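Dear colleague,

I am handing over the structure we spoke about, and I would be grateful if you kept it open while you read the notes underneath.

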Protein chains: 2
Amino acid sequence: MASTFYAGEPEGPSLKTESIPGPKSTEHLTQLDKVFDTRSVNMLADYTKSFGNYIVDPDGNTLLDVYAQIASIPVGYNNPALIKAAQTPEMIQALVNRPALGNFPSHDWASILETGALKVAPKGCNQVFTAMAGSDANETAYKAAFMWRRQKERGGPTVEFTEQELNSSMNNQSPGASQLSIMSFKTAFHGRLFGSLSTTRSKPIHKLDIPAFDWPQATFPLLKYPLEEHVEENAKAEADSLAEVEDLIKNYHLPPCAVVVEPIQSEGGDNHASPAFFRGLREVTKKHGVLLIVDEVQTGVGATGKFWAHDHWDLPSPPDMVTFSKKAQTAGYYFGNPELRPNKPYRQFNTWMGDPARALIYRAIIDEIERLNLVEHTAKVGDYLYGKLEALAAKYPGEFANLRGKGLGTFIAFDNPKRDQFLAKAKKFGVNIGGSGVSAVRLRPMLIFEKQHADILLKTLEKIVTSW
Amino acid sequence: MASTFYAGEPEGPSLKTESIPGPKSTEHLTQLDKVFDTRSVNMLADYTKSFGNYIVDPDGNTLLDVYAQIASIPVGYNNPALIKAAQTPEMIQALVNRPALGNFPSHDWASILETGALKVAPKGCNQVFTAMAGSDANETAYKAAFMWRRQKERGGPTVEFTEQELNSSMNNQSPGASQLSIMSFKTAFHGRLFGSLSTTRSKPIHKLDIPAFDWPQATFPLLKYPLEEHVEENAKAEADSLAEVEDLIKNYHLPPCAVVVEPIQSEGGDNHASPAFFRGLREVTKKHGVLLIVDEVQTGVGATGKFWAHDHWDLPSPPDMVTFSKKAQTAGYYFGNPELRPNKPYRQFNTWMGDPARALIYRAIIDEIERLNLVEHTAKVGDYLYGKLEALAAKYPGEFANLRGKGLGTFIAFDNPKRDQFLAKAKKFGVNIGGSGVSAVRLRPMLIFEKQHADILLKTLEKIVTSW
């Protein structure tokens, strides 16, 4: 059965060529490789033919897509509501008259934000700084943290910079260039530009040869599964991690002004921690006057069965900043505390500061999520899928190891000892799945993923593990 | 007289309110400030009413715009050809099915690049890495430089990383995190994220409180004007600068793997150096196996009367990488040497790697530039404008000091001792002009700026300096 949300979705996967890439894809890839590195290409797509949960390639192969452009397509390929938004006069304006948003915002920029991005702002956040992608969303949040902390140390927003600060900043030296740090966690991923990469600790291939700041990292709990069999051990891992965070805050040679954390470490292997851990993290950061930045680039916008993954935590006080990208199709950071606006203009600034065209798409996505109640829907479908995966895990021991993501919508993962072959087989059987970390199979369906799609996925997963 | 390129442009500026912002703008700004920092707002715009060279605000004030969204609008507001491009099925596809370009490029991505960005690739460059804005264009170019250099030091692309490199990279330590640097110039601007900001040396307000890499900076020549009266002095400044570059290459404690330079330092105050200087820079970098990255973010795409400003230099061998953004309305870096593709996939990678929607706009801009021959046109209009400015400078000594940009299209600047008041008066008289550095008035008209617009601008400039 195809999508109940949109008519016209394929009934199921269908493969036309022996293998992917087929002859037409190969031809396009050969042409592309002359001008653009293609070694990381997973498969070529014909987006004119892709629809809903299905991605179609130039050879006509039709795959159920539970990877969704690295977790970044929220409401399906060629979503009719998005197509409508793409054809509005507002969109044409945004495309052809790209403003420098900090200098010359359009008269309706406030309204675009209020009816879009800010409508879904996390609790405690009523302001936004708009950016382009996950990396610069995180980096501008880091910059806000550094300025906030130094301003406090300086004695408030009205205290002027010293001559020494002004001059040393131009030489990249302290005190103008601060000797502070951002703390992140081992196996975290926060982006790949120089500041964000310094907080990324997932894989050497991301980091090799690139200079990095000497910033601290704490151990992420890395829970053991099944959870109910490792209650004490896991609680200890979380307590140890929090103690390490506190120790680094107090003693690290470059004092951290913020801790950045993913609700679920995604690129690093779908590593989870409990809500209690995150409440503890909020407490320990608050206690020491350190900001908490929650990186919701991959977890945000509904996939965990709540709009923001940190909504699952019942925090005593909100995060100081929440970064977003991917399923928002644009990026930035939310915040509430007015002190996080730097004390002078042009301290947090760049030419474009985001893209109104993508802000309009985000707004259309939000409308579509609300109209179809997709967050609640995803919570339900996720519960169904998780239950069935538990049964598979019991039936095929070792093949769906460390199943995780219970109660977190469709944001589900498991480990397989032959992960890379697992993903290759999945493609051969008509399902596009992604991996993360060393051995995780990460499921990242869209928010329009339904029970009938889950059934196709489950059948395929079983087919894979019985085909070894 | 209005535009000869497009019918319907206003005949000239017209002001409806006593001052800007008028009442309607103020209302919008008050609303916007609740959710978005407005302290850097220059003026609010109504882009639905702006056309060609004219920006219109919500109160109906119509200004000749020679700032053009910080030098980033190439072919006019509401350009009919761009509106057409914004309405194509390809554009709708690009907006609603945003791909992860490194993993799942569309079948026509090669063709979009070949008929777009690569059609205007600088000499010696036949490949492109696509990015989002100037900062990440530069930073990904820097990353390519670090990987290239370490690969050479390691003994080539097939030499594997050592265990020590793999492990230390995860701790942000050497040798995995390299102890190399990027050299830039004093008063340069290359962006505001952590790596690019470490090479930016224009103003403390951009850098204060943000940690920076301890990278080297050489003195930019800072020519004296009029050039013909300072021939020897300027030649010496350039020779000294090149000697300093060579000394830093040989002796700086973190060896530079690349030098990044703007053809004209824009944000830093419109500082020029001669073609001979840049040829010397190419020679000295080549001699020492250091890459030359030319940052054409502000100078590229026609404004200097050539498509790329470095086309003015007659280089003995091309730059290794050329970065672009702004008037391209998208961003990235061009390169030619296949060794600049890192030895393994996923070393230079991120989720989106640019935006096909913006790549389509760049293609439409290129078509429009070619159709109307706008680069040659800009060279001619620039010569006309420069000549008239020379006359004004002679007539009003001190008011148009250090006039610069002769033979460089409309990329013209001068210094005024009361620069900020100068810009405020310009707006009052109906012209939107930007500043740069401490005292520069920088002219950044669009490529569709014509003789008749130059005449309006010139009349206004004279009005300003006779109104003190």
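What follows is an account of what was found, going from the contact between the chains to single residues.

Please bear in mind throughout that this is a predicted model.

**The contact between the chains**

Chain B and chain A meet through 124 residues from chain B and 124 residues from chain A, and the area buried between them is about 11200 Å², of which carbon and sulfur atoms give 59%. Within the area that chain B buries against chain A, Phe104(B), His107(B) and Asp209(B) supply 8%, more than any other three residues. The interface also holds 10 salt bridges and 84 residue pairs in polar contact, both partners being at pLDDT 80 or more. On the side of chain B that touches chain A, helix 6 of chain B gives the most, with 9 residues, and by class that side has 61 nonpolar, 38 polar and 25 charged residues.

One salt bridge that you can find by eye joins Arg154(B) to Asp209(A), with the closest N and O atoms 2.6 Å apart. A network of salt bridges links Arg149(A), Arg150(A), Glu153(A), Arg154(A), Glu165(A), Arg347(A) and Asp209(B).

**Helices 6 and 7 of chain B**

Helix 6 of chain B covers residues 134–154, and because 21 residues at 1.5 Å a residue should span 30 Å, the 30 Å between its end C-alpha atoms agrees with what is expected. Helix 6 of chain B is mostly covered, with 19 of its 21 residues buried, and just after this helix Gly155(B) takes a positive phi of about 110 degrees.

In helix 7 of chain B, the residues Glu165(B), Ser168(B), Ser169(B) and Met170(B) are buried. The buried residues of this helix pack against helix 9 (204–207) and strand 5 (217–218) of chain A, together with helix 6 of chain B. Just after helix 7 of chain B, Asn172(B) takes a positive phi of about 60 degrees.

Helices 6 and 7 of chain B are also joined through their side chains, in that Arg150(B) and Glu165(B) meet in a salt bridge at 2.7 Å, N to O. Arg150(B) lies in helix 6 and Glu165(B) in helix 7 (residues 163–170), so the pair ties together parts that are 15 residues apart in sequence. Arg150(B) has a relative accessible area of 13% and is therefore buried, the limit being under 20%, and Glu165(B), with a relative accessible area of 6%, is buried as well.

**Other salt bridges**

Over all chains, a search of the whole structure finds 56 salt bridges, and two further ones in chain B may be worth a look. The side chains of Asp355(B) and Arg98(B) meet at 3.6 Å, N to O, and they link distant parts of the chain, 257 residues apart: Asp355(B) is in the loop between strand 9 (331–335) and helix 12 (356–371), and Arg98(B) is in the loop between helix 4 (89–96) and helix 5 (109–114). Both Asp355(B) and Arg98(B) are buried.

Arg419(B) forms a salt bridge with Asp420(B), and here the closest N and O atoms are 2.8 Å apart. In this pair Arg419(B) is buried, with a relative accessible area of 11%, whereas Asp420(B), at 56% relative accessibility, counts as exposed.

**Two buried residues and their surroundings**

Phe129(B) is placed in strand 3 (residues 127–131) of chain B, and at 7% relative accessibility Phe129(B) counts as buried. Its C-alpha atom is separated by 5.4 Å from that of Gly332(B), although the two residues are 203 residues apart along the chain. Not counting residues up to four places away in sequence, Phe129(B) touches Thr140(B), Ala331(B), Gly332(B), Tyr333(B), Phe335(B), Gln348(B), Phe349(B), Asn350(B) and Met353(B).

Thr330(A) sits in the loop between strand 8 (321–324) and strand 9 (331–335) of chain A, and Thr330(A) is buried, with a relative accessible area of 7%. Leaving aside neighbours within four places in sequence, Thr330(A) is in contact with Ala131(A), Phe324(A), Ser325(A), Arg358(A), Ala359(A), Tyr362(A) and, from chain B, Trp352(B).

With best wishes

Definitions and conventions. Residues numbered from 1 in each chain as written. Chains lettered and ligands numbered in written order. Predicted model: local features only at pLDDT ≥ 70, side-chain atom pairs only at ≥ 80, totals over all residues. Heavy atoms only, no water. Helix = DSSP H or I, 4+ residues; strand = E, 2+ residues; numbered from the N terminus. Expected span 1.5 Å × (residues − 1). Buried < 20%, exposed > 50% of the residue type's maximum accessible area, 1.4 Å probe, protein only. Salt bridge = Lys/Arg side-chain N within 4 Å of Asp/Glu carboxyl O. Contact = heavy atoms within 4.5 Å. Buried area = accessible area lost by both parts, 1.4 Å probe. Polar contact = N/O pair within 3.5 Å; in protein donor to acceptor, adjacent residues only side chain to side chain. Nonpolar A, V, L, I, M, F, W, Y, C, P; charged D, E, K, R; others polar.
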